[in-house]
Amino acid sequence: MMKIFSTFLLLCLLSITSTSEATPTANPICPMDLNYILRIPWNATDCRNPFFQTTAKSAMNDSSKIPCCQTLLSLFGIALAQHLKETSLFNLPDLPTSNSCLRDFQSKLSSLSLPDDLVSHCFDPLQFVISASVCAGIQTTRDWVSKLGQNSPLDSGCRSELVGPGCDACLAAGLKVQTILTGIDGNKSHSMDCFYFAVLYAAGIVNESGPEGDSALDCIFNLPLNIEKDSKSKHSALVYGLTAAAIGILVVFVLMGIGFWFYKWKKLAEKSSLEFDVELDEQGSRPHARPNTGSIWFKIQELEKATGNFSSKNFIGRGGFGIVYKGTLPDGSMVAVKKVIESDFQGNAEFCNEVEIISNLKHRNLVPLRGCCVIDGNDGYDEGASERYLVYDYMPNGNLDDYLFPIPYDQVGTVKKSLTWPQRKNIILDVAKGLAYLHYGVKPAIYHRDIKATNILLDADMRARVADFGLAKQSREGQSHLTTRVAGTHGYLAPEYALYGQLTEKSDVYSFGVVVLEIMCGRKALDFSLSSSPRAFLITDWAWSLVKAGKIGDTLDPSLLKDGDSSNSNPRAIMERFIAVGILCSHVMVALRPTIMEALKMLEGDIEVPQISDRPVPYGHPSFVGDGSNFSISPTLSGHQMHNGDMLR
């Protein structure tokens with residue numbers, strides 16, 4: 001968890017596009033003292049050649065993926081935080097000043113025998129120039145106080161020594177401030193920038209030890225250090241020798257790994273390259289690229305006819321990255337046509353590669369892909385732009401959310417019945433089996449990233465199928481995935497993924513646990529509408545607190561126990577086991593969550609459910625539980641002493 005501040009700082013700074021108009025000055029002097037670069041024993045291994053050149057090349061010069069750039073940003077952030085403390089400015093006043101500071105920064109790095117092009121590789125001078133359009137109009141600490149008051153969550157969470165739970169509390173406070181500022185700004189794209197301001201404010205203004213103190217270096221900036229500051233080891237030569245040996249071994253393995261993955265990528269690219277089947281359209285004008293898959297390649301005219309020219313009458317809903325319409329093909333079969341509006345795909349080739357991946361997934365608990373359609377700007381449709389469509393089997397019973405939290409009447413004026421216990425049980429097991437297939441049934445594993453009730457569709461037999469693979473990510477076997485774009489839905493996002501983008505199979509497990517709790521408890525994952533509390537209701541905190549208080553039965557949806565004999569048709573013990581598995585899967589600690597295969601075995605009764613462990617820093621507090629009906633997220637952060645790294649394990 002300690003990587004959050006450095007990772008988010010990198011993502012935020014890279015996303016800032018300043019529009020400041022300042023009067024240029026001739027060779028201005030940098031207002032920041034950068035001599036600390038020579039004082040602090042920071043680890044420059046990632047920035048030395050050939051390691052830097054190798055990682056930069058493998059990352060295609062994307063600085064957000066270069067370890068050295070993350071280290072340098074943490075290092076430069078120390079100066080920015082000190083500058084904030086001295087001047088009350090969150091960034092530098094103009095572009096010439098930013099250029100001057102970056103030149104000085106590079107000069108200090110060069111004096112340590114580091115490459116002379118590090119700064120130009122990692123930074124854009126504009127990203128450090130102050131602007132009113134970055135986050136809620138904040139440019140100075142006075143602006144900050146006017147938006148958040150004298151006592152923001154950072155003031156209470158990041159003031160003292162940031163070790164163990166203290167660091168966790170500070171990180172949670174930073175996330176809370178980010179949410180508040182993003183709400184004030186009204187533009188969600190500024191979310192990263194607001195977190196960047198929270199980082200600088202925590203290190204420069206709030207923390208008692210200041211930007212160069214151990215708390216800021218270790219927790220806020222997560223700057224890699226060679227040795228402890230107060231360490232006086234008599235065996236430094238041995239330590240440095242072992243460090244050098246470890247670095248040498250690491251470089252060898254990295255180079256071997258890069259070579260291996262390049263070889264695998266090249267083979268995959270050759271296998272999944274586009275086949276250009278020459279197929280003239282009705283006007284006989286030009287060929288279309290067809291992905292090398294078994295799926296159907298639809299023409300846009302076919303989809304227009306199937307959906308009534310994408311009529312509003314056939315509109316189903318808006319998904320995570322597109323709009324969905326119901327359609328009827330000439331053979332009478334029903335389909336769901338998704339028009340992709342936004343996605344991670346940079347081009348049509350990448351999109352077609354994703355289609356190949358999806359079309360090869362065959363499992364009864366996944367929504368089958370029928371085919372796709374790609375139109376580029378030269379096809380006569382929205383000249384200059386591309387349009388992409390995915391065609392899935394139509395699921396007649398809609399999505400799970402419609403049944404868990406139905407509106408009083410649907411479009412045809414009927415009332416949806418509450419799900420029975422057997423239906424809920426089958427849906428939970430179906431989703432677990434679908435995820436188990438994605439994680440273990442294909443190589444490399446696929447992480448969904450957006451498991452939630454609206455992405456679980458119900459077929460004609462009310463069996464669940466996992467949908468919306470537009471957000472899916474393939475993983476490198478045995479590794480986590482650090483992403484620069486966090487995709488998903490608040491309330492379902494695993495903490496380690498929401499905070500700094502670390503994606504593993506257990507990120508999906510967390511989301512699955514939240515869905516299990518929604519199904520069993522009949523309450524939304526995240527609810528801001530409770531009139532009894534000014535804070536949001538978070539189902540994971542509410543259920544965990546009741547279970548720890550010995551009131552697991554109070555978490556069950558009352559409708560589950562109304563009808564039938566609870567010992568037969570509605571076996572309470574099995575229901576409580578499902579609740580326990582949901583809480584275990586949605587534990588804030590990655591290491592304490594089961595894999596999806598382990599969770600499935602627990603649900604089926606093949607293995608015992610372990611005791612629910614305490615949380616290191618619970619988001620909720622027992623004093624807010626009461627009778628379980630008015631629980632809300634607590635501002636109090638307390639917990640047991642645990643290592644920060646445990647959340648990321």
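Two strands count as paired if DSSP finds at least two bridges between them. Keep that in mind for the first two views, and remember that everything shown here comes from a predicted model.

**View 1. Strand 3 and strand 4 make a hairpin.** How many bridges hold strand 3 and strand 4 together? DSSP gives 7 bridges, and the pairing is antiparallel, with strand 4 covering residues 334–340. To find one of these bridges, look for Gly327, whose partner in strand 4 is Val335. Between the two strands sit 5 residues. In that turn, Gly332 has a positive phi of about 90 degrees.

**View 2. Strand 3 also pairs with strand 2.** Now turn to strand 2, residues 315–318, which runs antiparallel to strand 3 and is joined to it by 3 bridges. Here you can pick out Arg318, which has Ile323 of strand 3 as its bridge partner. Is strand 3 largely enclosed or left open by the rest of the structure? Strand 3 spans residues 322–328, and 5 of its 7 residues are buried, so the strand is largely enclosed by the rest of the structure.

**View 3. Cys47 and Cys68 are joined by a disulfide.** Zoom in on the two sulfur atoms and you'll find them 2.1 Å apart. The cut-off for calling such a pair a disulfide is within 2.5 Å, so this pair makes it comfortably onto the list. There are 6 disulfides by this rule. The Cys47 and Cys68 link is right-handed, with 105 degrees about the S-S bond. This disulfide connects distant parts of the chain, 21 residues apart: Cys47 is in the loop between helix 2 (36–39) and helix 3 (51–58), while Cys68 belongs to helix 4 (residues 67–87). Both cysteines are buried.

**View 4. Next along the chain is Cys69, bonded to Cys122.** The sulfur atoms of this disulfide are 2.0 Å apart. Which hand does the link have? The torsion about the S-S bond of Cys69 and Cys122 is about -75 degrees, so this disulfide is left-handed. Again, distant parts of the chain are linked: Cys69 is in helix 4 and Cys122 in helix 6 (residues 118–122), 53 residues apart. Cys69 and Cys122 are both buried.

**View 5. Cys135 and Cys194 form another disulfide.** Their sulfur atoms are 2.0 Å apart. With a torsion of about 110 degrees about the S-S bond, the Cys135 and Cys194 disulfide is right-handed. Cys135 lies in the loop between helix 6 and helix 7 (141–148), and Cys194 in helix 10 (residues 191–206), so the pair ties together parts that are 59 residues apart in sequence. You'll need to look inside the structure for this one, as both Cys135 and Cys194 are buried.

**View 6. Cys373 is in no disulfide.** First, a word on the cysteines that do bond: numbered in sequence order, they pair as 1-5, 2-3, 4-6, 7-11, 8-10 and 9-12. Cys373 stays out of this pattern, and its nearest cysteine sulfur, that of Cys372, is 7.5 Å away. Buried means under 20% relative accessible area, so Cys373 qualifies with its 2%.

**View 7. Ser113 and Arg449 have positive phi angles, though neither is a glycine.** For Ser113 the angle is about 65 degrees, and this serine sits in the loop between helix 5 (95–110) and helix 6. Arg449 comes in at about 80 degrees, in the loop between strand 7 and strand 8 (456–458). Which of the two is buried and which is exposed? Ser113 is exposed, at 63% relative accessible area, whereas Arg449 counts as buried, at 3%.

**View 8. Lys452 shares the loop between strand 7 and strand 8.** Lys452 is buried, with a relative accessible area of 14%. What does Lys452 touch, leaving aside residues up to four places away in sequence? Its contacts are Thr489, Tyr492 and Val515.

**View 9. A cis peptide bond joins Lys443 and Pro444.** The omega angle here is about -5 degrees. You can find Pro444 in the loop between helix 16 (421–441) and strand 7 (446–447).

Methods
Residues are numbered from 1 along each chain as its sequence is written. This is a predicted model: local features need pLDDT of at least 70, side-chain atom pairs count only at pLDDT 80 or more; totals for chains, interfaces and linings use all residues. Side-chain values use heavy atoms; hydrogens and water are left out. Helices (H or I, at least four residues) and strands (E, at least two) are DSSP runs, numbered from the N terminus. Buried means under 20% relative accessible area, exposed over 50%, partly exposed in between (1.4 Å probe, protein chains only). Contact means heavy atoms within 4.5 Å.
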